[in-house]
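Biologist: Please bring up the chain. I have some short questions about it.

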Amino acid sequence: MAVVAAALVILFLAALHTSAAADISYDGRALIVDGSRRMLFSGEMHYTRSTPEMWPNLIAKAKEGGLDVIQTYAFWNVHEPVKGQYNFLGRYDLVKFIKEIQAQGLFVSLRIGPFIEAEWKYGGFPFWLHDVPNIAFRSDNEPFKQHMQRFVTHIVNMMKHEGLYYPQGGPIIISQIENEYQMVEPAFGSSGPRYVRWAAAMAVSLQTGVPWMMCKQDDAPDPVINSCNGLTCGETFVGPNSPNKPALWTENWTSRFLTYGSDAQLRSPEDIAFAVALFIARKKGSFVNYYMYHGGTNFGRFASSYVTTSYYDGAPLDEYGLVWQPTWGHLRELHAAVKQSTEPLLFGKYSSFSLGQEQEAHVFETESKCVAFLVNFDKSQMPKVVFRHISFQLAPKSISILSDCRRVVYETAKIKAQHGSRTSEVVQSLSETDTWKAFKEPIPFDLKKAMYSTRQLLEQLSATKDETDYLWYTVSHEYRPTGALLLLNVESRAHIVHAFVNSQYVGSVHGSHEQRDNIILKVGLFGERNHIYTQEGSHSIEWATMNNTTYHPLTWYKTTFATPAGNDAVALNLAGMGKGEVWVNGESIGRYWVSFKAPSGNPSQSLYHIPRHFLQPQGNILVLLEEMGGNPKEITVNTVSVKSHDESPPRKGRSR
């Protein structure tokens, strides 16, 4: 009994010590956790772009990949869709997400914003904010500041109530206010700097016990830390705006987000690793966050203009949460190599010097420890350099990390990690005509039922209040035959315009992500208003058997399918469709637009993720709204998996 009692006393004292030391601060080298500087690798994951059932596995794979931190935005428009009415349920359960991160022993970086961009609808702002009288977004404007402060305070108080800030024993070690404001600040004139100062002071006044940061804000007011976003922050970052602030990289873009009409632009693992090592070497960086580490899926209508349903599919964990090799493994080895030299990196004396015309050395050294980064910027040559009387041959565009300043433990251009390829396998074809039902969306020509009357095209969001993507305009024209060609010209920034004359479809025209720059009207579609994509709503209309040959635009299609066996990820192949939205068991898995081809001639995206937790064992109800007239009989249900192998496959051969 005496031995047991002694053990209990020791554990109790250790717990008291840990609690008393729970503190977060920073200095010019790093964030300081419990009195010690920390080298931190972080990965961006958004709880809204996956499901709660996926979170444990995603976080576990991130931890296995050598991450210390999970970073996420807080999404105002999903949490407060109606002013004063909050939603933190299901995949919007921010607290549950953070607690799962904590349960797996990782920290959290919480980006409250509340403007977030993130290729997310309206930049994360709820649409009701648009109708607040006299409001001017992101400026020294009292109505906006009032609502912004109210939401930020709500999130902070929720985190405090749940004990989620690090001094309370939680995992949150840093928060972000605003987002890349410096890019738009000049447009606000003198109001911009005043707003920056107000936002910083407001955030600090909430007394979270952890630091605040502003990304892409070189003049972030003290004590808020300015941080870098971009592809090459080791070259572009101006550095901390105070010698007492650390160098933080809040967004290291692991690829480019994909838009309809574009081909995927994957970033090589060698390039990502080079950028990380250079930021640590040149900028004395001690915090690197990968944006995204897992991108996920833009469910429903939350993707911003022209952005695909699949988000950052080429991240270390792909859209489905599968390990994307060799990116994941190559970065994991980088994290391990850096971590073994944490002491000289965070406490050592720093020096740098040239090794050649395009080669340089960066050295961190204490009395007993040393680490060196040998950098070669030349993209084609393999020069030999001499460092501390030892000869090293450097690969083209590479950084070699030398433990003890003598032994190469990692080379950014040399991949040792296992390679992998992703495959998609058809498990069910939906080609049988008699399994499909169709409902043609009514075209509203009854002028008496119009909601508005106007002499010009309206700003669409203002008219629809963002309750739908669709807005009908009806105009009459008395046509007298003259033999001349009659053209309908519409100037609009909408995704697409469909035109009907006397109920007959006459054509459509659409824009692209690069294009920025007496009428009767009706908001939304009949099928939307009656929720015919749900099991209950589908019984409210009369579905027709599908015609074998004719596929009309603006038609709803319905069928059922079985859940694939096993645990592999599930997707719909919609390559035969045009443009629209798709629902499974009443859950929208997003917009699709396969008819808008990329320069390669292929759809930007043809596979659409169905989380397994959207499915039931049998009789899953699939409903599509098809705008263009695609052929639903070409749809297949697929499983998606990754196969690992030792040899690297051709990069273009990876299934997307």
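Biologist: Over which residues does pLDDT stay under 50, with 1 contact beyond four places in sequence?

Modeller: This is a predicted model: local features need pLDDT of at least 70, side-chain atom pairs count only at pLDDT 80 or more, and totals for chains, interfaces and linings use all residues. Residues are numbered from 1 along each chain as its sequence is written, and side-chain values use heavy atoms, leaving out hydrogens and water. pLDDT is the predictor's confidence in each residue, from 0 to 100, and a contact means heavy atoms within 4.5 Å. The stretch you ask about is residues 1–21.

Biologist: How many contacts beyond near neighbours in sequence does the stretch 647–656 have?

Modeller: Its pLDDT is also below 50. Where pLDDT is low, predicted coordinates should not be read in detail. With that caution, the model's count for residues 647–656 is 21.

Biologist: How many residues does helix α8 give to the largest nonpolar core?

Modeller: Such a core is a set of buried Ala, Val, Leu, Ile, Met, Phe, Trp, Tyr and Cys residues joined through side-chain atoms within 4.5 Å. Buried means under 20% relative accessible area, exposed over 50%, partly exposed in between (1.4 Å probe, protein chains only). The largest core has 117 residues, with Met-159 and Phe-373 making the most contacts inside it. Its top contributor is helix α8 (269–283), giving 10.

Biologist: Within what arc do the buried residues of α2 fall?

Modeller: Helices (H or I, at least four residues) and strands (E, at least two) are DSSP runs, numbered from the N terminus. In α2 (55–64), Trp-55, Leu-58, Ile-59, Lys-61 and Ala-62 are buried. They line one face of the helix because, seen down the axis, they share a limited arc, taken from the directions from the helix axis to the C-beta atoms. That arc is 160°.

Biologist: Which cysteine is bonded to Cys-370?

Modeller: A disulfide is a pair of cysteine sulfur atoms within 2.5 Å. Here the sulfurs lie 1.8 Å apart, and the S-S torsion is about -70°, so the bond is left-handed. Cys-370 sits in strand β14 (370–376), and its partner, 35 residues away, in the loop between β17 (398–403) and β18 (407–411). The partner is Cys-405.

Biologist: Why is Cys-215 without a bond to Cys-228, and how far apart are the sulfurs?

Modeller: Cys-228 is paired with Cys-233, at 2.0 Å. Cys-228 holds the closest cysteine sulfur to that of Cys-215, yet it is too far for a bond, because the separation is 9.3 Å.
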